[in-house]
Amino acid sequence: MTQQVPQVPPTEAALTGVRNFRDVGGLPTSDGRRTAYGRLYRSGHLAHATAEDAALLGGLGLHTVFDFRNEADHRLEGHDVELPGVRNVSIPLSDPADGAEFWRLVRDGNIEQLRSVLADGKATERMIRMYRATVRDRTAEHSRVLHALAEDSVPALMHCAAGKDRAGLSIAVALLAVGVEREAIEADYLKSNDPHRRYRVKRADMSEVGMSPEVIELLNPLFAAEADYLAAAFATIEEVWGTTDRYLAEGLALAPATRERLRVRLLDEG
């Protein structure tokens, strides 16, 4: 008998002030189940959500919104709009001062300055280092998120600024915890490259010079979802903990009972 997979909810394309929103439902697990729709969502920040966006998000029955941005992000984009009855949890996944000068250069630097920090693979190397460090050094934060999901925080929305890196890794960790296949995690992650989802790059100079083809090419590794980035995160798990199960048990302090509660919360009934 062929399993019927629900269609992707129509809410995905309806948001106008929120980028990269999607329901993380329908993804296959290694034991033949799928992630349930309406339990876990991901997106870019909610600071520019329109009234219509807020109404739509408010209709999802969300319990918790996890915001992985830091104070520098909040100063740049603003705080999320408030959704009545929804708990907002701030869990910064990068230090507010980390890379502040670098990001100022991304916004304000001229072509020579951008070449000096981004050309010849330096932008890609920076992203890979960040993915590795987030997995290795942010176990307490990821543990907090997964324990919250297991207890009472579903339906939940996870977001950062673009909904690609910090949220992407947090979603990946949650999906690993319930047994989603890595290929499916990667496929969902790479959806952040879809033109209608991508973060809108903002620079002080938005002219043809400030946003020239060379500038766009230099910046692209910072704003693209690349399979190599996620692979580096998975490789870090194996290098540090040996297996995903040890990472979850020792790195994130997830007891078997907690993982089972996560499966109940996030997977279909099978």
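In which loop does aspartate 120 lie? In this predicted model, aspartate 120 belongs to the loop between α4 and α5, a good place to begin a walk through the helices. The residue takes a positive phi of about 55° although it is not a glycine, and this happens just after α4. Aspartate 120 is exposed, because its relative accessible area of 74% is over the 50% cut-off. At the N-terminal end of helix α4 (residues 111-118), asparagine 110 acts as the cap. There, a side-chain oxygen of asparagine 110 lies 3.1 Å from the backbone nitrogen of glutamate 112.

A positive phi also turns up at alanine 253, again in a residue other than glycine, with a value near 55°. Alanine 253 is located in the loop between α11 (244-251) and α12. With a relative accessibility of 47%, alanine 253 falls between the 20% and 50% cut-offs and therefore counts as partly exposed.

Attention now turns to helix packing. Helix α5 (residues 122-137) packs against α6 at an angle of about 65°, and their axes are 6 Å apart. Angles of 65 to 115 degrees count as roughly perpendicular, so α5 and α6 are described in that way. On the α5 side the contact involves Thr134, Val135, Arg136 and Asp137, which meet Thr139, Glu141 and His142 of α6. Sorted by class, this contact of α5 with α6 comprises 1 nonpolar, 3 polar and 3 charged residues.

Helix α6 (residues 139-151) also packs with helix α12 (residues 256-266), here at an angle of about 60° and with axes 8 Å apart. That angle lies outside the ranges for roughly parallel, roughly antiparallel and roughly perpendicular, so α6 and α12 are oblique to each other. Their crossing is left-handed. From α6, the residues making the contact are Leu146, His147, Leu149, Ala150 and Glu151, while α12 brings Thr258, Arg261, Leu262 and Arg265. The contact of α6 with α12 divides into 4 nonpolar, 2 polar and 3 charged residues.

The route from α6 to β5 holds a backbone feature of its own. Proline 155 sits in the loop between these two elements, and the peptide bond leading from valine 154 to proline 155 is cis, with omega near 0°. Strand β5 (residues 156-159) includes histidine 159. This histidine has a relative accessible area of 0%, which is under the 20% cut-off, so histidine 159 is buried. A polar contact of 2.5 Å joins the side chain of histidine 159 to the side chain of aspartate 80. With neighbours within four places in sequence set aside, the contacts of histidine 159 include Ser43, Gly44, His45 and Leu46. Its other partners are Val65, Phe66, Asp67, Phe68, Arg69, Asp80 and Ala167.

A charged residue provides another buried site. Arginine 22 is part of strand β1 (residues 22-23), and its relative accessibility of 1% is under 20%, so arginine 22 counts as buried. Its side chain makes a polar contact of 2.5 Å with the side chain of asparagine 20. The arginine 22 side chain also reaches the backbone oxygen of aspartate 188, at 2.6 Å.

Key. Residues numbered from 1 in each chain as written. Predicted model: local features only at pLDDT ≥ 70, side-chain atom pairs only at ≥ 80, totals over all residues. Heavy atoms only, no water. Helix = DSSP H or I, 4+ residues; strand = E, 2+ residues; numbered from the N terminus. Buried < 20%, exposed > 50% of the residue type's maximum accessible area, 1.4 Å probe, protein only. Polar contact = N/O pair within 3.5 Å; in protein donor to acceptor, adjacent residues only side chain to side chain. Contact = heavy atoms within 4.5 Å. Axes fitted to C-alpha atoms, helices over the stretch in contact; angles between N-to-C directions. Parallel < 35°, antiparallel > 145°, perpendicular 65-115°, else oblique. Left-handed = near helix turned anticlockwise from the far one by under 90°. Nonpolar A, V, L, I, M, F, W, Y, C, P; charged D, E, K, R; others polar.
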